[in-house]
Amino acid sequence: MTERLVVFTPSGRRGSFADGTTVLEAARRLGVDIDSVCGGRGICGRCQVEVSEGEHAKHGITSDATHLSPVGEVERSYARERPLAGGRRLGCTARIAGDVVIDVPPESQVYRQVVRKEADAHPIEIDPVVRLYYVEVAEPDLAVGTSDLTRLREALEREWGLTRLAFDPHVVRALQRALRARGPEPRSSGAWSVTVAVHDGGAVTAIWPGFHDAAFGIAFDIGSTTVAGHLCDLRTGDVLSSAGEMNPQIRFGEDLMSRVSYVMMNPGSEKELTKVVRGCLAKLTAELARDAAVDRDDVLEITLVGNPIMHHLLLGIDPTELGGAPFALAVDEALRMRATDLGLPVNAGARAYVLPCIAGHVGADTAGVILSEGPHLADEVTLIVDVGTNAEIVLGNRRRLLAASSPTGPAFEGAQISCGQRAAPGAIERVRIDPDTLEPRVRVIGCDAWSDEPGFAGARVTGVCGSGIIEAIAELHLAGILTTDGTIDGRLAERTPRLVANERTFSYVLWAGEPELTITQNDVRQIQLAKGALYAGCRLLMDRYGIEQVDRIRLAGAFGAHIDPVRALVLGLVPDCDPAHVTSAGNAAGTGARIALLDRKARAEIEDAVRRVEKVETAVEPRFQEHFVGAMAIPHDSDPYERLSS
Ligand code: FES
């Protein structure tokens, strides 16, 4: 039989094959990953390839579309329902008929990658923990007498090499009916064929009659203020819908510690907090599926991240131990369970994966941040700061990783600030103060114009959010209104009516409208305390690591997304670093949950990275107090920002 040279791109793998070998078979023999759900029956369309036509001097062949067999009936029938893009062929039906170079497009590759929006981010490899397999099962035979389950096992082994599978009880219950039903048109191949979902290569978790080609997952990020979810196509990695809700636990306490106090004062009430957060996840699940026009029964995988208290309450664990030293977690390892155990309205066999926690104040959300940012994979030393009620800080690189939590309090979220509010439409988020006139310009969430621009007219101003207060105080300092020790300098009251005296201190009127918004001396003190704690936490980790300067700083979370790096440095929020290397990491915790959803290998990776993290407990470190006191100054008394002030 004539042998033909076949080259696959982009892998470059090549080999000789007899005329008539299918492209899919040739690819498999060379270890080229071409996707397939239907096992080469011309049903799923996952195996599409393209002939790369022309002279391929590098490979020493001239490749031509006619070097594959002509389009046959199976391919024609597939293309009648879903036309193939120009030149595309089904790899499972197209046969080798001459020397040929075959291109496997990204969407036909098993291990494809999705590029992330965030700058400098590694692409996510799509290798989900759950996969679909279509099989044709032998009909029952009186002479043989094997059960439906045995014949399904045989088919899965014969066609896909899957052995020693465990079957979820609900799959066993559904098996009889699924095998005897016809699958949905138009791609049904009649009774005695089913599609199964196999989780982690070992458990059959769902079953559908006939051919089924839909598998979705949801990545949840449970914050103390907001709960957010992203519904993803497990095949492509695409985010099909996103939704967020206020965490309904807020009615038990605005911040984390007040929720723990609520549980302490009302024994047994953790059950109620668990119930409301699970209810919120269930509501979001329904909303996400509806928005993406996805059947909830096709949601097969869930991942979750959250801080330690959210993590414990989600799991139904009393968080009281986390309310005081030694802040012992009930469990820190990653957890795997059924999604229905968390009350989620998805497929009965869907699994949930909860990322590992790191320490008493450093939770699965920080594990998500590490997974997203990848400091454990880099040579450069990265400082990652995730600011919320507490600040979670991670420092290090591939050699060593340290983590700590610093008690910043809620000031960075706008709480305990006289004019503070949550980041929501109407909140001042950007501030500039003219150093000559001492007049401010502001921008509010929900309006793209500055207050001195025509587009601002009619914008509602309601308060100042965390990033707004940081900018306001940094700008007051840059304008000379705020001294290095954090005093609002009343002597400048002669130059501007915006400085008003209240007893022995002064306030600055940031917004003279209705409501009037002022930055008081006490507001400045609150931010000094918060930024002192944050800076001290960062320095403590740097001391432990033995470095004076980090290579780059990433500001994670909603706060990090809005804060201006230069102003963060002016204020001394984070240690000295080239401003060009201080950037926002976006919602890194949520991205980490999405990576764990789409790439099974990421789970082992983060579990290993978390095991290696050195935990630093700021509360018992004497150096923390020293750094804290020094960091109360603006920017602080240890490393003034020559680069910025020059
Ligand atoms: Fe399913 Fe080719 S492998 S159509």
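Val385 has Ile393 of strand E21 as its bridge partner. That pair belongs to a set of six bridges joining strand E20 (residues 382-387) to strand E21 (residues 391-396), and the two strands run antiparallel. Helices (H or I, at least four residues) and strands (E, at least two) are DSSP runs, numbered from the N terminus, and two strands pair if DSSP finds at least two bridges between them. The model is a predicted one: local features need pLDDT of at least 70, side-chain atom pairs count only at pLDDT 80 or more, and totals for chains, interfaces and linings use all residues. Residue numbers start from 1 along each chain, following the sequence as written.

Zooming out a little, E20 and E21 sit in an open sheet of six strands, in the order E30-E29-E20-E21-E22-E31, with mixed pairing. At the edges are strand E30 (582-586) and strand E31 (614-616), each pairing on one side only. From one strand to the next, the twist averages 20°. As for what holds such a thing together, strands of a sheet pair through backbone hydrogen bonds, either parallel or antiparallel.

Now for the helices on the sheet. Helix H8 (residues 364-373) packs on the sheet and touches E20, E21, strand E22 (401-406), strand E29 (552-556) and E30; here, contact means that the C-beta atoms of two residues, placed from the backbone, lie within 7 Å. The direction of H8 makes about 140° with that of E20. Axes are lines fitted to C-alpha atoms, for helices over the stretch in contact, and angles run from 0 to 180 degrees between N-to-C directions. Helix H10 (residues 521-545) lies across E20, E21, E22 and E31, and runs at about 155° to E22.

H8 itself is mostly covered, with ten of its ten residues buried (20 or more other C-beta atoms within 10 Å of a residue's own, all placed from the backbone). Among them are Ala367, Ile370 and Leu371, and these three also make the contact with Ala602, Ile606, Ala609 and Val610 of helix H14. The axes of H8 and H14 (residues 600-612) come within 10 Å and cross at roughly 115°, so the two helices count as roughly perpendicular (65 to 115 degrees). Their crossing is right-handed, meaning that the near helix is turned clockwise from the far one by less than a right angle. Just after H8 comes Gly374, with a positive phi of about 65°.

Methods. Buried ≥ 20, exposed ≤ 12 C-beta atoms within 10 Å, placed from the backbone. Parallel < 35°, antiparallel > 145°, perpendicular 65-115°, else oblique.
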